[in-house]
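I opened this notebook to record what I looked up in one structure. The entries follow the order in which I took up each topic.

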Amino acid sequence: MKHLHRNFYLALVIIFFILVWPFLYFLGKNSSKNFSALVRLRRMLALLSSGAAGISYKVKTDEPVDWSRNYIICANHTSNLDITALMKVCKSDFSFMGKDELLHNPVTGFFFRTIDIPVNRSSKISAYKAFKRAEVYLNEGKSIAIFPEGGISDEYPPKLQTFKNGVFKLAVDLNIPILPVVIEDAWKIHWDDGAKYDTKPGRVNVHVLKPVEVSELNLTADELHDLVYKLYKVNWII
């Protein structure tokens, strides 16, 4: 019976992915033109899979988010469910920036070959190309979602790790607001990939903080990094 729920959830993801594959394949042939449709289809796929497995998401916001603007969306990272949580939060076109290992997963790999931005953090060339692509997306009015911790900690219960600085330099260079998203308890029902402690049905609570208006603050990338990190230290409590 061990891993019963985890295997059930993974099976649902695969089943729903296969069901929508013909549409994904068609849209993926011209992903730049069909960007919005791919974002919407991915959101539907993720939320259906979670919902069928008994996992729901409750989002609270400090203030209504103006989705006619674009943001660099930052979130803490303790669970694979964090990806779906951000799809629940974001109501406009956005792209994930994440580790290039996700290219090897049949589901995430499709999206990272079409609308998302893979990055090999051990390669300066890969990181440069990834941030240049993110810059293009932001200049087009799309949002970028990133986990600034760079990955999920091996510690359990998880602790907030230090943030990497590249995304904050991007925000300062382009004057793009940071939208901090605190995912409070995804790890309690699905820590990391669920392999070690299994998974279970439950609700993921998500807290969207007030946007950090970079253009109004006149901060360096390091100062912006410290400001955003402090917001997480205050608002995310195990």
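The entries below cover pockets, one loop residue and salt bridges, and I note at the outset that the model is predicted.

**Entry 1, the largest pocket**

I began with the largest pocket and found that about 990 Å³ of space lies in it. I then looked up its lining, which is made by 37 residues, and the closest of these to the pocket centre are Asn80, Ile83, Leu102, Asn105 and Thr108. Which elements each supply at least two residues of this lining? I noted four helices, α1 (4–28), α2 (35–52), α3 (81–89) and α4 (106–112), together with the strand β3 (94–99). Sorting the lining of the largest pocket by class, I wrote down 18 nonpolar, 11 polar and 8 charged residues.

**Entry 2, the second largest pocket**

I went on to the second largest pocket, for which the volume comes to about 180 Å³. Its lining has 15 residues, and those closest to the centre are Arg121, Ala127, Phe131, Lys164 and Gly166. Two helices, α5 (124–139) and α6 (166–174), each supply at least two residues of this lining, and the largest share, 3 residues, comes from α5. By class, I recorded 8 nonpolar, 4 polar and 3 charged residues for the lining of the second largest pocket.

**Entry 3, Ser31**

I next turned to Ser31, which is found in the loop between α1 and α2. Is Ser31 buried or exposed? Its relative accessible area is 18%, and because buried means under 20%, Ser31 counts as buried. Leaving aside neighbours within four places in sequence, I found Ser31 in contact with Leu38, Thr114 and Ile115.

**Entry 4, salt bridges**

How many salt bridges does the structure hold? I noted 7, and I looked up three pairs in detail, bearing in mind that side chains of opposite charge can pair when their charged atoms come close.

I took the pair of Asp116 and Arg42 to start with, where the closest N and O atoms of the salt bridge are 2.5 Å apart. This pair links distant parts of the chain, with Asp116 in the loop between α4 and β4 (117–119) and Arg42 in helix α2, 74 residues apart. Both Asp116 and Arg42 are buried.

I then looked up Glu184 and Lys60, whose side chains meet in a salt bridge at 3.9 Å, N to O. Here too the pair links distant parts of the chain, since Glu184 lies in the loop between β6 (178–183) and α7 (186–189), Lys60 lies in strand β1 (residues 55–61), and 124 residues separate them. On accessibility, I recorded Glu184 as partly exposed at 22% and Lys60 as partly exposed at 47%.

The last pair I looked up was Lys132 and Glu135, with side chains that meet in a salt bridge at 3.5 Å, N to O. Why are Lys132 and Glu135 separated by about one helical turn? I noted that they are 3 residues apart in helix α5, and therefore about one helical turn lies between them. Lys132 has a relative accessibility of 36%, so I entered it as partly exposed, and Glu135, at 24%, is likewise partly exposed.

Key
Residues numbered from 1 in each chain as written. Predicted model: local features only at pLDDT ≥ 70, side-chain atom pairs only at ≥ 80, totals over all residues. Heavy atoms only, no water. 1 Å grid on protein atoms, 1.4 Å probe; cavity = no way out; pocket = protein on both sides within 12 Å on 5 of 7 lines; lining within 4 Å. Points joined across faces, edges and corners; volume = space filled by probe spheres on them. Nonpolar A, V, L, I, M, F, W, Y, C, P; charged D, E, K, R; others polar. Buried < 20%, exposed > 50% of the residue type's maximum accessible area, 1.4 Å probe, protein only. Contact = heavy atoms within 4.5 Å.
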